[in-house]
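User: I would like to learn how to read the features of a model such as this one, step by step. Could we go through it together?

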Amino acid sequence: MRRLMAMVIGAALVIPVGSGAAEFQLTSPTIKPKSTIGNEHVFNGFGCTGGNVSPELRWANAPKETKSFAVTVYDPDAPTGSGWWHWLLFNISPSVTVLAAGAGNPDGSGVPQGSVQSMTDFGQPGFGGPCPPPGDKPHRYIFTVFALKVDQLPLKPEASGAMVGYFLNQNAIAKASFTGLYGRK
């Protein structure tokens, strides 16, 4: 019995107690998690007729050691065998915690100074909204902010989604995501 009590007390000493630190979060006022993405964000092309405006994104409670941020939008359901990159933005200053609606303009005029929008699978930089094939089930669009341990990723604007993803995963100290849905008949 003493041995069992000693084990219970020992286990209690090594189990971490909640630190009270809030969880790293990503939100949007126009896209609620697991809800349908509105037409203002849908791509305008490939048979879709949306506004193609990137949503406002807000993040909070990043780790203190964050040296930069990156934002991605990815559709794992695209019928490509490798998904579809809808937005890749990196080298965002650690002082930035909000991207305004429309920040993903392909000309780069809305992104934070010093950040880089690289090539999406639409073949251009900037935000490209949802536009799944007609008749497919609704696709998942995963919006993610990465807290990075480096000031900058050593990538050019021509970097592919796969290359950006590689560097993000090598340098991430935390990430926060939400998923929006979109399908068309």
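User: In which strand is H86 found?

Analyst: Before the case itself, some conventions: this is a predicted model, in which local features need pLDDT of at least 70, side-chain atom pairs count only at pLDDT 80 or more, and totals for chains, interfaces and linings use all residues. Residues are numbered from 1 along each chain as its sequence is written, and side-chain values use heavy atoms, with hydrogens and water left out. Helices (H or I, at least four residues) and strands (E, at least two) are DSSP runs, numbered from the N terminus. H86 is found in strand β6.

User: Is H86 buried or exposed, and which residues is H86 in contact with?

Analyst: Burial is read from relative accessible area: under 20% is buried, over 50% is exposed, and partly exposed lies in between, with a 1.4 Å probe and protein chains only. H86 has a relative accessible area of 3% and is therefore buried. Contact means heavy atoms within 4.5 Å; leaving aside neighbours within four places in sequence, H86 is in contact with V73, D75, T120, F122, G126, F127, G128, G129, P130 and Y141.

User: Which backbone oxygen does the side chain of H86 reach at 2.6 Å?

Analyst: A polar contact is a pair of N or O atoms within 3.5 Å; within protein, one must be able to donate a hydrogen and the other to accept it, and residues adjacent in sequence count only if both atoms are side-chain atoms. The side chain of H86 reaches the backbone oxygen of G128 at 2.6 Å, while the backbone oxygen of G129 lies 3.2 Å from a polar atom of that side chain.

User: What is the order of the strands in the open sheet of five?

Analyst: Strands of a sheet pair through backbone hydrogen bonds, either parallel or antiparallel. The criterion used here is that two strands pair if DSSP finds at least two bridges between them. The five strands have the order β8-β6-β5-β9-β10, with antiparallel pairing, and the edge strands, each pairing on one side only, are β8 (116–117) and β10 (172–182). Helix α2 (residues 161–171) packs on this sheet, touching β5, β6, β9 (139–148) and β10, and its direction makes about 135 degrees with that of β10; such axes are lines fitted to C-alpha atoms, for helices over the stretch in contact, and angles run from 0 to 180 degrees between N-to-C directions.

User: How many bridges join β5 to β6, and how many pair β5 with β9?

Analyst: Six bridges join β5 (residues 68–75) to β6 (residues 84–92), the two strands running antiparallel; V73 stands opposite W87, and Y74 stands opposite W85. β5 and β9 pair in the antiparallel sense over seven bridges, A70 having F146 of β9 as its bridge partner. As for burial, β5 is mostly covered, with seven of its eight residues buried.

User: Why does H139 count as buried, and which side chains does H139 join in polar contacts?

Analyst: H139, which is found in strand β9, counts as buried because its relative accessibility is 1%. One polar contact of 2.7 Å joins the side chains of H139 and D75, and another of 2.8 Å joins those of H139 and D136.

User: How many aromatic pairs are there, and what do F43 and F122 form?

Analyst: A pair of aromatic rings is described by the distance of the centres and the angle of the planes. Rings of Phe, Tyr and Trp (its six-membered ring) pair if their centres lie within 6.5 Å; planes under 30 degrees apart count as stacked, over 60 as edge-to-face and the rest as tilted. The count comes to eleven aromatic pairs. F43 and F122 form a stacked pair, at 4.0 Å centre to centre with 10 degrees between the planes. F43 lies in the loop between β1 (25–27) and β2 (44–45) and F122 in the loop between β8 and β9, so the pair ties together parts that are 79 residues apart in sequence. Both F43 and F122 are buried, and F43, F46, W84 and F122 form one aromatic cluster.

User: What is the mean pLDDT of the protein, and where does pLDDT stay under 50?

Analyst: pLDDT is the predictor's confidence in each residue, from 0 to 100. The mean for the protein is 91, and 89% of its residues reach 70 or more. Over residues 1–19, however, pLDDT stays under 50, and the model has zero contacts beyond four places in sequence for these residues.
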